[in-house]
Amino acid sequence: MSKNLQLVTDPTKMGLGRSIAVLTSGGDAQGMNAAVRATVRVGLYTGAKVYFIHEGYQGLVDGGENIRPATWESVSMMLQLGGTVIGSARCKDFRAREGRMKAACNLVKLGITNLCVIGGDGSLTGANEFRTEWSALLADLLRAGKITDEEAKKSSHLNIVGMVGSIDNDFCGTDMTIGTDSALHRIIEVVDAITTTAQSHQRTFILEVMGRHCGYLALVSALACGADWVFIPEMPPDDGWEEHLCRRLANQRARGSRLNVIIVAEGAMSRDGKPISSDLIKKLVTDRLGFDTRTTVLGHVQRGGTPSAFDRILGSRMGVEAVMALLEATPDTPACVVSLSGNQAVRLPLMECVQVTKDVTAAMAEGRFEDAIKLRGKSFENNWNTYKLLAHINPPDVKSNINVAIINIGAPCAGMNAAVRAAVRMGFIQGHNMLAVHDGFDGLAHGQVEPINWTSVSGWTGLGGSMLGTKRTLPGKLMEEISQSISKYNIHALVIIGGFEAYVGGLEMVQAREKYEEMCIPMVVIPATVSNNVPGSDFSIGADTALNTITSVSSTTLVHIHAHIFEVVVHTLLCCCLQTCDRIKQSAAGTKRRVFLVETMGGYCGYLATMAGLAAGADAAYIFEEKFNIKDLEGNVEHLVEKMKTTVKRGLVLRNENSNANYTTDFIFNLYSEEGKGVFDCRKNVLGHMQQGGTPTPFDRNFGTKMGAKSVLWLTEKLKECYRHGRIFANTANSACVLGMKKRALTFQPLAELKGDTDFEHRIPKTQWWLKIRPIMKILAKYDIKLDTSEHAFMEHVIKKRNPLCN
């Protein structure tokens, strides 16, 4: 969108006199409902009329009751539901011109000239074809007397915007499609469950996952659980793979492993194009090795269940972007797909993405498998390369004689162990000696340092907490002892994994270089904290797991207010805290006119409260970064009082633990209870340290793995730069960095340079990207505020787009 247009456009009037329709098509995916909800509510916010098209393209062709006006209340209670509540159907009629004429007629009669399609590449390709022949369809309808000249003139152009809903993540141009993260949750839940029984009986488990033409689910699942082997359609195994697989499994058992896990994509094949099924692999392992082997085919369970926090947020953000793209489109604007790149929303020409997707299929069919991997995108390629490096021992012939120490600092969080495992194994591959430091800087000062090897970290990706042990102690007062330990154990480089304490501790060690030469070694800080408050990174390991815990509890609270859908999310309760959620369930079941107040962690950082609010559909989220007063609190109460007059007789409010010293959780609870008396009652829940516990989500496992591996690769290069006169000497600013994701890429930023962007008193960065999407949460909760349209994406091209986590 141009800068000039931004200055004159009032977002609440952008849609006046215009109509938008939304449909879901093809296979369902968790998170579609979040996208539908956001499209409807933001469309209404802009002043447009919004319509549901039920049953996908079939409903568009059939018309009638299948195309109905959408209201604000009609999309309530959708966020936590899987599938698509407006239905989806395969439609042969729409493939024929006659069917598309009927669809065009239905849209023209209702004055709908903006169509939002949520589906896969087939659904989006069909939408583009529909748009391309729109003028010809109108001309035919006009000649047939089915529409008038005035109707044809008013509907002279059709705008199309797509959102990709596909659990396979098989659409090129976007890092994650709606539904992929939730499908990974289902897969990893099964893998974690299988692991315990496999270890008990020393079994080999073969898990078949979806992915007929794309191996993303299989690959990321294998990376997240440390599988022994993965079969994906993009890269069939080399000839003779049977011998290689059996040798690898046997070696694993010989090293003491009690289980083997093999992940197979349903579209896996050999180099000569023959299918590789789970049954084929089972027969091979049983016949040649005699291992007790079991197979599990997940099937459609991967499409089921409640959407993850990631998919709810992704769907919501994409829905907002889709509406803006539709209303900003001109007759010359190509049909586009709204997409995710890092944490940025982008718009891409739809047919460019479709063409690259088709190129992948062609490459696989022609046996150009390396090209297929590259065409999937840099992120997919990096996932593949990382898996190959970390899954199997492949030490170099010559050792480096370099000692790299790994230490955890601050509060524990899910995903820390995945980062440690990746760092240890990547260090081993580089020929280094890896050292584990127990109990943080305290342990380093007091000599709690020991070698750690490849097998020591087996199975760590799925473990919560910190296996190395961690403390909040900073190194400042222990610098003398720490320098002695560095000298004693001949430590040449240091990987520091943790939260704000890790960042500050790294800074203190850099500052100590002036006094202690032992500190002149390369260091890298990997952000790992539920608070997501480390400068230099948009995301921290552990934040996604905490966000899912909060979202699960919050959504469960609201869902259970309606007894007839009481059982839908029972299984999510166990993922959080059974006792806490049972109490919520007991208090909420069958009641209406109730507001729940939930306190989240995060210190002074409001990331968890804000993103959980967006994911759970909260009415308000109080945070430190956005100051509020008693008038704001009163306004929120009035908002909830008005809400209780509608059919949506429930409310959810989140409060960051340090959002305000005076307006505490108890104060707000008492205020809401008093002011809402006779209209609604209020309940509160302080989640506490359950947000730090639990097994890591697939995102945190994958993110931690990539961060750990990349940190050691960077240290290896930095050690070469710092090798002088037969020893390591690193005293430049860029020899001690934070590794973090910034917008679309993993970057290394010197600790010293980040000081200027740090609020040390409140332990937060001075600039935080997520603050810009807070208005989305408020708009979706029906607050009368202005949306900053300057943050919406420009049209990009697939060839120019870079993927995150790819360096």
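How many residues does helix 15 have, and how far does it reach from its first C-alpha to its last? Helix 15 (residues 378-391) has 14 residues and spans 20 Å between those atoms, close to the 20 Å expected at 1.5 Å a residue (the expected span is 1.5 Å times one less than the number of residues). This is a predicted model, where local features need pLDDT of at least 70, side-chain atom pairs count only at pLDDT 80 or more, and totals for chains, interfaces and linings use all residues. Residues are numbered from 1 along each chain as its sequence is written, and side-chain values use heavy atoms, with hydrogens and water left out.

**Around helix 15**

- Helix 15 is mostly covered, with 10 of its 14 residues buried (under 20% relative accessible area, 1.4 Å probe, protein chains only).
- Among the buried residues are Phe 380, Trp 384, Tyr 387 and Leu 390.
- Their cover includes helix 9 (216-225), strand 7, helix 14 (369-375), helix 16 (416-429) and helix 26 (698-721) (contact is heavy atoms within 4.5 Å; helices are DSSP H or I runs of at least four residues, strands E runs of at least two, numbered from the N terminus).

**The sheet with strand 7**

- Here 4 strands make an open, parallel sheet in the order 7-8-6-9 (two strands pair if DSSP finds at least two bridges between them).
- Strand 7 (229-231) and strand 9 (293-297) are the edges, each with a single partner strand, so one side of each has no neighbour in the sheet.
- Strand 7 is joined to strand 8 (residues 260-265) by 3 bridges, and Phe 231 stands opposite Val 264 in strand 8.

Technical notes: Buried means under 20% relative accessible area, exposed over 50%, partly exposed in between (1.4 Å probe, protein chains only).
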